[in-house]
Amino acid sequence: MEEDIVERIGIIGVGEIGRAIVMGLRHGGDELPEVFLSPRGADTAAELSERYEGVRVCADNQAVVDRSEVVIIAVRRQDRHDALAGVRVDDDKIVVNVMAGVGNDDLRQTLATGAPLTRAIPLPAIRERRSVTVVYPSHPRVNSFFERLGGALPVADEAAFNVFSALTGTLTTHYWYLATLTSWAAGHGIASEDADRYVRSLFQGVGRALSDNSRSLHQLAADHETPGGNNERIRTTWFDPASSEALTSALDALLRDLT
């Protein structure tokens, strides 16, 4: 609906996620909102403003808030008090909190505002509009904003939001797993660049298979296995019940910290 379109977006904290959001907004070629960036992450902000029309770097964080309808807070958790000190947010603004481990009650106390606050988990793939963004609490304008960047997934409560947040902590483990496979192959005489190329190709194919929503993840795994075959052997000897329990325990510990 027309009233849900965001025409002016502000981003305080222009790091990896801030960059990805701007790139995602500029990815589709449709009508785009104006984007106002904070001077935090000055090099990245300057690069984006030079690269994209309608992207401007503001003198300070208050100017970002004043010029925007929706303000995304994307600073590191430990930097939030310094970054937001003295910043005034009128109640007619919408604030999107993408700081991991910082609840909205905490942020509301810091900002001393009655503005609507929504938490969100945008991921780097949002730059290509290929990332579903978890949102809590649901807000029509925030949902609409992230729908155009790959999809919005509103959840019922903060407990559910924290579960999704914990899942994002597994991303670099996946990359490290792939790097370990590459190193293993190199240790057996395969040129590093050949091992890297093959492992990337192998798991890009896995990524494409994930787009088949008609099959569950367990079914996808079964469809790639032959009884008694190589895949089943590695899964059952390496990713055994003890390994599964260790992963579950690590996620439980992370979830406790997030809550």
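Rings of Phe, Tyr and Trp (its six-membered ring) are taken here as an aromatic pair if their centres lie within 6.5 Å, and the pair is called stacked when the planes are under 30 degrees apart, edge-to-face when they are over 60, and tilted for the rest. The model in the viewer is predicted, so local features need pLDDT of at least 70 and side-chain atom pairs count only at pLDDT 80 or more, while totals for chains, interfaces and linings use all residues. Residues are numbered from 1 along each chain as its sequence is written, and side-chain values use heavy atoms, with hydrogens and water left out.

**The whole chain**

Begin with a cartoon view, in which the protein shows 12 helices and 8 strands; helices (H or I, at least four residues) and strands (E, at least two) are DSSP runs, numbered from the N terminus. Its C-alpha atoms fill a box of roughly 65 × 40 × 35 Å along the principal axes. Of the 259 residues, 37% are buried, where buried means under 20% relative accessible area, exposed over 50%, and partly exposed in between (1.4 Å probe, protein chains only). The protein exposes about 15100 Å², of which carbon and sulfur atoms supply 52%; accessible areas come from the Shrake-Rupley method with a 1.4 Å probe, and for residues only the protein chains shown count as cover.

**The aromatic cluster**

Select Tyr177, Phe203, Trp238 and Phe239 next, which form one aromatic cluster; a search of the whole structure finds 4 aromatic pairs. Tyr177 and Phe203 are edge-to-face, at 6.0 Å centre to centre with 85° between the planes, and the pair links distant parts of the chain, with Tyr177 in helix α8 and Phe203 in helix α9 (residues 192-209), 26 residues apart. Turn then to Tyr177 and Trp238, whose ring centres are 5.7 Å apart and whose planes are at 20°, so the pair is stacked. This pair also links distant parts of the chain, from Tyr177 in helix α8 to Trp238 in helix α11 (residues 230-238), 61 residues apart. Tyr177 is partly exposed because its relative accessible area is 31%, whereas Trp238, at 52%, is exposed.

Keep Tyr177, Trp238 and Phe239 selected and add Ile234 and Leu247, and a nonpolar surface patch of about 500 Å² is complete. Patches are made of residues with over 30% relative accessible area and no salt bridge, with like charges joined within 9 Å and nonpolar side chains (Val, Leu, Ile, Met, Phe, Trp, Tyr) within 5 Å.

**The nonpolar cores**

Move to Leu37, Ile72, Phe145 and Phe146, which touch the most other members among the 29 residues of the largest nonpolar core. A nonpolar core is a set of buried Ala, Val, Leu, Ile, Met, Phe, Trp, Tyr and Cys residues joined through side-chain atoms within 4.5 Å. The elements giving two or more residues to this core include β1 (8-12), α1 (16-25), β2 (34-37) and α6 (140-147), and α1 gives the most, with 5 residues. Zoom in on Phe145, which touches Val6, Ile9, Ile21, Leu25 and Ile72, leaving aside residues up to four places away in sequence; contact means heavy atoms within 4.5 Å.

Apart from the largest core lies another of 20 residues, among them Val65, Val75, Ala83 and Val87. Asn61, in helix α3 (residues 61-67), is a useful next selection, since with residues up to four places away in sequence set aside its contacts are Ile12, Ser38, Pro39, Arg40, Ala83 and Val87. Asn61 counts as buried because its relative accessibility is 9%.

**The salt bridges**

Finish with the charged side chains, where 14 salt bridges are counted, each being a side-chain nitrogen of Lys or Arg within 4 Å of a carboxyl oxygen of Asp or Glu. Select Asp106 and Arg80, whose side chains meet at 3.1 Å, N to O, and which link helix α5 (residues 104-111) with helix α4 (residues 80-84), 26 residues apart. Asp106 is partly exposed at 28%, whereas Arg80, at 13% relative accessibility, is buried. A further salt bridge joins Asp223 and Arg215 at 2.7 Å, N to O. The last selection is Arg8, Glu69 and Arg141, which are linked in a network of salt bridges.
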